[in-house]
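Visitor: I am new to this structure, and I would like to understand the reasons behind the words used for it. Could you take me through them step by step?

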Amino acid sequence: MKLPRIVENSPLARLARLKLGAPNVAMVLGASIHLSGVSREQFLRDPFWVAHEMEHIQQFQQYGRLGFLARYLRDWVRYGYYNIPFEVAAREAAELKAHLYAQGLPLPGEAERHSTPKAKR
């Protein structure tokens, strides 16, 4: 499966990483995956994470740049990051489609997977 352009050390992903308080971030802008705090190789070793970001690319394609961003930001304010419908769908896609990005290797266990920011309690 062909992957999109991957941008390492993205300043935009760095801003997202700081906002989320996360050690590493992958984020989609259009048809590109932007990384901060993680290398391309580290990102590609986690097929669940790749599947998650690929779902965001499909969402971008479905809603368009402005439509996606407007909905994403609106829903972040309404529901908080963890419960943004786009994020919920991307987590579900990660579970269903990780095998497509595993490159013939066994899927990583929970301990080897990228941890996503959790819901605030």
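Visitor: Which residues make the nonpolar surface patch of about 310 Å²?

Guide: Before answering, I should say that this is a predicted model. The patch is made by Leu12, Leu15 and Leu18, and Leu12 has its place in helix α1, which covers residues 11-20.

Visitor: Why is Leu12 called partly exposed?

Guide: Its relative accessible area is 45%, and since partly exposed covers what lies between under 20% for buried and over 50% for exposed, Leu12 is partly exposed. A patch residue needs over 30% relative accessible area, so the 45% of Leu12 satisfies that part of the rule.

Visitor: Turning to the interior, which residues touch the most other members of the largest nonpolar core?

Guide: That core has 20 residues, and Ile33, Leu35 and Phe43 are the ones that touch the most other members. Two or more residues come from each of β2 (25-29), β3 (32-36), α2 (40-44) and α3 (47-79), with α3 giving the most, namely eight residues. Leaving aside residues up to four places away in sequence, Phe43 touches, among others, Ile6, Ala26, Trp49 and Glu53.

Visitor: What makes Tyr63 and Phe86 an edge-to-face aromatic pair?

Guide: The ring centres are 5.3 Å apart and the planes stand at 65°; because a pair needs centres within 6.5 Å, and planes over 60 degrees apart count as edge-to-face, both conditions are met. Tyr63 lies in helix α3 and Phe86 in helix α4 (residues 85-97), so the pair ties together parts that are 23 residues apart in sequence.

Visitor: Are these two rings, Tyr63 and Phe86, buried or partly exposed?

Guide: Phe86 has 8% relative accessibility, which is under the 20% limit, and therefore counts as buried. Tyr63, at 33%, falls between the limits of 20% and 50%, and so counts as partly exposed.

Visitor: How do you know that Tyr72 and Trp76 are edge-to-face as well?

Guide: Their planes are 80° apart, which is over 60, and their centres are 6.1 Å apart, which is within 6.5 Å, so the pair is edge-to-face. Tyr72 and Trp76 are four residues apart in helix α3, and are therefore separated by about one helical turn. Ring pairs link both of them into a cluster that also includes Phe60, Tyr63, Phe68, Tyr81 and Phe86.

Visitor: Why do Lys97 and Glu55 count as a salt bridge?

Guide: The nitrogen-to-oxygen distance between their side chains is 3.6 Å, and because the limit is within 4 Å, the pair qualifies. Lys97 in helix α4 and Glu55 in helix α3 are 42 residues apart, so this pair links distant parts of the chain. Glu55 is buried, with a relative accessible area of 15%, whereas Lys97 is partly exposed at 30%.

Visitor: Which residues are joined into one network by salt bridges that share partners?

Guide: The side chains of Glu95 and Arg113 meet in a salt bridge at 2.6 Å, and those of Glu110 and Arg113 meet in another at 3.9 Å. Salt bridges that share partners thus join Glu95, Glu110 and Arg113 into one network.

Visitor: What makes Glu110 exposed, and Glu95 partly exposed?

Guide: Glu110 has a relative accessible area of 64%, which is over 50%, so Glu110 is exposed. Glu95, at 47%, lies between 20% and 50%, and therefore counts as partly exposed.

How values were computed:
Residues numbered from 1 in each chain as written. Predicted model: local features only at pLDDT ≥ 70, side-chain atom pairs only at ≥ 80, totals over all residues. Heavy atoms only, no water. Patch = residues over 30% accessible without salt bridge, like charges linked within 9 Å, V, L, I, M, F, W, Y side chains within 5 Å. Areas by Shrake-Rupley, 256 points an atom, 1.4 Å probe, with all protein chains shown as cover. Buried < 20%, exposed > 50% of the residue type's maximum accessible area, 1.4 Å probe, protein only. Core = buried A, V, L, I, M, F, W, Y, C linked by side-chain atoms within 4.5 Å. Contact = heavy atoms within 4.5 Å. Phe/Tyr/Trp six-rings, centres within 6.5 Å; stacked < 30°, edge-to-face > 60°.
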